There are 2 protein chains.
Amino acid sequence: MKLNYSSIRQTLDFLLYDWLAIEQLSAYPRYASHDKDTYSAVLALCERLAAEKFEPFNRLVDTQEPCLDTQHAVPELRLPDCTSQACTAYAESGMLAASHDFDVGGMQLPCVVEMAANSMVSAASIALKAYSMLTAANAGLLMVHGTETQKKVFALPQLQGRFFGTMNLSEPQAGSSLSDITTRAIADGQDHCDDPLGPRYRITGRKMWISAGEHTMGDNIIHLVLAKVPDETGALPPGTGGISLFIVPKYLVSPEGHVSAQRNDIVLAGVNHKLGYRGTTNTLLNYGEAGGAIGYRVGALGAGLHCMFHMMNEARIQVGLGATMLGYAGYLQSLDYARERPQGRPVVAGQHVQKDTRAPQVPIIEHADVKRMLIAQKSYAEGALALQLYCAKLIDVQRTGTPQEADNAKLLLEVLTPIAKSWPSEWCQEGNSLAIQVLGGYGYTRDFPVEQHWRDNRLNMIHEGTHGIQAIDLLGRKVRMQAGQALQLLLSTMRQTITAAQQQPSTQGLAADLEAAIQQLQAATDAAWSRGDALRALSNASHYLKAFGHVTLAWIWLELAVHTHTAKEASATPAFVQGKRDCARYFFAYELPLVQAWLQPVHQQETLLTDIHPQCL
Amino acid sequence: MKLNYSSIRQTLDFLLYDWLAIEQLSAYPRYASHDKDTYSAVLALCERLAAEKFEPFNRLVDTQEPCLDTQHAVPELRLPDCTSQACTAYAESGMLAASHDFDVGGMQLPCVVEMAANSMVSAASIALKAYSMLTAANAGLLMVHGTETQKKVFALPQLQGRFFGTMNLSEPQAGSSLSDITTRAIADGQDHCDDPLGPRYRITGRKMWISAGEHTMGDNIIHLVLAKVPDETGALPPGTGGISLFIVPKYLVSPEGHVSAQRNDIVLAGVNHKLGYRGTTNTLLNYGEAGGAIGYRVGALGAGLHCMFHMMNEARIQVGLGATMLGYAGYLQSLDYARERPQGRPVVAGQHVQKDTRAPQVPIIEHADVKRMLIAQKSYAEGALALQLYCAKLIDVQRTGTPQEADNAKLLLEVLTPIAKSWPSEWCQEGNSLAIQVLGGYGYTRDFPVEQHWRDNRLNMIHEGTHGIQAIDLLGRKVRMQAGQALQLLLSTMRQTITAAQQQPSTQGLAADLEAAIQQLQAATDAAWSRGDALRALSNASHYLKAFGHVTLAWIWLELAVHTHTAKEASATPAFVQGKRDCARYFFAYELPLVQAWLQPVHQQETLLTDIHPQCL
């Protein structure tokens, strides 16, 4: 059941060239040397990588979980060979440094192209992709916040694929509540500030949920670790303001970049056995059991979260993209199945429910309920992909646009990021469930890939900020920031789409529906905060997030429907264009009405969720 | 993480005695010898069974899938020992024959008590329970449709736990479309009608998705197999009218009940490796590879589906109950976790989103969003359990009530069964997803039981009639049958609840909301059929099913809220009663508004799902 990449490419071409008009990015000096040929070559490269090095091994890494090799003094975690081969191929493609400057070996690609190309690799194997994704994120952070030596010694080898990287935030007792981390960093000697690799500390503590935390690939693993520096009494500063960030390599490295054979004081304390995403090993790491792991501070004391969250918008969009492509993979695979599988006969038009039992069976794609499950998946996956690429282009504009453009892009990103992270995590997983349903009993077996997508995708509502955290971020912070400017900018952007849609008879009705939904959303936002009570307002934040997400995706679908009228890409065939319009029609007829239902308790300032006594649960 | 059975028992006591007033069933002669003590003893028995023989092995049977033992001439499928031990303990409890007559060794228990008692076993291990459930269903069918000899030889040994039973409906090419089965039954010799075990045939064909299809437990496996008898030209009759039902034992049995060492011509052709429900082995069986398996017809020629569907209401309610109890288990386990796990601090009431970071962390049950996830699970699981028991009581009334009572019970059952099957399959699985979310990263690991519930539950939307099939059954048949009488009876039953709810200030608002929802449902039903076109109407059947389900559950919750005012059970503590009222309030505030959204396309007779061309998907 191979992925139909050309179908993804067809949609990517429409989104990138017809809709987002990314060729115009070449107007920015940073991208001046690129053109459509560059971009298409990168897409083709990643399609080949996905098909050859990732997809064929996606089931294998689900079933062959990493095993502990205890033949060494320190037990080592061995991954299936295909993991290293996929990571090597990805590194050799240059994609690890895709968005970085030419002068550090990068391609200076726009983020939107990087994400579009990566989308196919994610669809092929999200779990195999994670190693490279984490490495790129780690290096990306260091390239912004590290010293020149830190960049050279720790970041560049990652961009070249020689080192791997991780992010160490959570601890067993502190997941969503980072202010409660207890990992300590103590200045390592009088001369700790003189180390060329950065202020040197000894790190002790336990870090949980560390993806790619231990393996034997590459020459080293660079851990980025959040920890607190105790005050003179030994107490840890409360809150998140006391958190700093440290580079803690698995093997010590000299300032000249020489990797020592000496292991740092980091012990693999446990391997988590997960429901899905099993190809990405996930670990509990103990730091400093033998006195303290050596770590080098990145950024200022207490600026750890600031450094980490600098990357957070992009990281969250990456998670959303992963969720999206799992949804996309399930959609394409269940679509192939539905075209091939004969079963039953259509109901005959007429008063009674009748079928012509002497007629041959039809492919199940002929049944209305199967069409429903396919168009729902298509609207979730393609809509989410469009949103992720829209956000990725905003990142590009924020980096390279005029100050005014950059400010606007940043504001839009702030308010869209919780949606880009949470919406695909929820709805593309629902899509994966529909893919199972299309395949019926076969979908419930491990002989087909769709059940794995469903399991893999379930992680995405949990990591990089749970759904509940995204909801509080949206209603508690993003729609209120700068006196509501981010929200107003988004709504006015949506209204530009509405204005365009009013010009076309086929989209006028949808335009009116979106306008009504926007007004409901605005009214609910006001109602939530009308008492000026955060506790009350936020108790309905998750329902608000759901509604906000669906309004956003309705807008995306209206955008796409409008742009089908000017599609120039050769791949935009009549059936392709009609499919996009059908999706828009589906989303407005079947999904958008849910907005009002979700907003009702927000609007009515329902207090049940603060009223309930835990004893009554 | 042990299940809190006393919490389930507390709710069962309220539902059985305070709400359904099952003690009144003793007025029927069949149950005259029973009283509350009998019922409570049965519940206690099943609680012990669940805790001792099922729950401790639920993870083991998930990880130790059956293996082929090839040391024998015919390979045998070996299950972990705990499977046989659980089945034996269940048989020894007498529960296999719980609802059967005293004179065949049964307990003559009402179905509602049998289901209530079984609910705890299902919560403990749905996969281990399936062997007994299938055996009881097989025997139950034979006790109704079999000859006296068939009952004695094939059914009673199952009720005693000596034989196991299966149901063989699907084939690799015919799942939902039973009219397309190709398994053949040919009369076995001139004297085939003279066999004391019933008309004797030779069966050839392949049966797919056969749960418990092969194992070495007990003395025999009795397969109930649907097959077609070809006409004189050798052609199979089209449609479902040509389907007959056959008893096909794994080992041949003499009319005196002696189990022969001779195996019937049935070969295990494959074992399905599933996403969940792994403790129930699931097989592909080939019949008649060596010439034809011997089978004895049950019931008349062509009456196979009639016999099978006689048990279908009950079987579908059983599936719903299984889905419900998976939801219940996840609810209780995530509730326990939420009470214990400290994480974060509540938002302080006030204008800004602030937390007191110097205060200690609170158990996560204090957070509004965690309360949301718990009350949602509670409302799904407890509401669904109430619905299943309501339906079970209808089965009792249908069997033992006056003709008028029985007719009404039958009508209500017809229209409620698609909901009882589909609603818990969808919403208690959503509950299982929320349970994972409450546990966060831990919930995503196999160290906790909630991920398994979520995987196990995913089957329930597929087997015993998919969601789509239930939807067509409801909108295409059930709400139209007898000129809409079943629907009208249900709505008038709901309106009795509304009338009662209007008497209490605390439920008046809910009563009005339910009345509004009923009117929307009625209007949508009329709109769907207003053109008298089945093809169009049924294209929106799945959304109609969703809406109908939520209206039904809102009615159930209103019923329960009303009955909290007269609860007499000692277990109905103030917190318990308040918890039920909170659930009702939750369901009406957060869930019921979805009804209007789902009905909108039904109401508007949206034709998208028939309009879409497969090429555009």
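This is a short tour of a predicted model, one selection at a time.

**Stop 1: the annotated domain in chain A**

Start by selecting residues 357–472 of chain A. UniProt, in an unreviewed entry, places the feature "domain: Acyl-CoA dehydrogenase/oxidase C-terminal" here. Colour the selection by secondary structure and you will find 72% helix and 0% strand. If you draw a line between the end C-alpha atoms of this span, it covers 54 Å.

**Stop 2: a helix pair in chain B**

Now move to chain B and select helix α10 (residues 368–400) along with helix α11 (residues 403–439). Their axes lie 8 Å apart, and the packing angle is about 155°. Because an angle over 145 degrees counts as roughly antiparallel, α10(B) and α11(B) are described that way. The crossing of these two helices is left-handed. Show the side chains where α10(B) meets α11(B): the contact has 27 nonpolar residues, with five polar and four charged ones.

**Stop 3: a crossing in chain A**

Back in chain A, select helix α13 (residues 467–478) and α17(A). Here the axes come within 8 Å and cross at roughly 80°, so α13(A) and α17(A) are roughly perpendicular to each other. Which residues of α13(A) and α17(A) meet? From α13(A), pick out H467(A), G468(A), Q470(A), A471(A), I472(A), L474(A) and L475(A). Facing them from α17(A) are A541(A), S542(A), Y544(A), L545(A) and F548(A). By class, this contact has eight nonpolar and four polar residues, and no charged ones.

**Stop 4: helix α19 of chain A**

Next, select residues 594–603 of chain A, which form helix α19. This helix is mostly covered, with seven of its 10 residues buried. Show L594(A), V595(A), A597(A), W598(A), L599(A), P601(A) and V602(A) as sticks to see the buried ones. What do these buried residues pack against? In chain A, their partners are α11 (403–439), α15 (505–528), α17 (541–563) and α18 (574–591). Keep chain B visible too, since α18 (574–591) and α19 (594–603) of that chain also take part. Just after α19(A), stop at Q605(A), where phi is positive, at about 50°.

**Stop 5: one alanine in chain B**

Finish by centring on A517(B), in helix α15 (residues 505–528) of chain B. Is A517(B) buried or exposed? Its relative accessibility is 4%, so A517(B) counts as buried. Leaving aside neighbours within four places in sequence, A517(B) is in contact with V551(B) and L592(B). For a last distance, link the C-alpha atoms of A517(B) and A554(B): these residues are 37 apart along the chain, and the atoms are separated by 9.3 Å.

Terms used: Residues are numbered from 1 along each chain as its sequence is written. Chains are lettered from A and ligands numbered from 1 in the order in which they are written. This is a predicted model: local features need pLDDT of at least 70, side-chain atom pairs count only at pLDDT 80 or more; totals for chains, interfaces and linings use all residues. Side-chain values use heavy atoms; hydrogens and water are left out. UniProt positions are given in the numbering used here, feature names are shortened, and annotations may be inferred rather than shown by experiment. Helices (H or I, at least four residues) and strands (E, at least two) are DSSP runs, numbered from the N terminus. Axes are lines fitted to C-alpha atoms, for helices over the stretch in contact, and angles run from 0 to 180 degrees between N-to-C directions. Angles under 35 degrees count as roughly parallel, over 145 as roughly antiparallel, 65 to 115 as roughly perpendicular and the rest as oblique. A crossing is left-handed if the near helix is turned anticlockwise from the far one by less than a right angle, and right-handed if clockwise. Ala, Val, Leu, Ile, Met, Phe, Trp, Tyr, Cys and Pro count as nonpolar, Asp, Glu, Lys and Arg as charged, and the others, Gly among them, as polar. Buried means under 20% relative accessible area, exposed over 50%, partly exposed in between (1.4 Å probe, protein chains only). Contact means heavy atoms within 4.5 Å.
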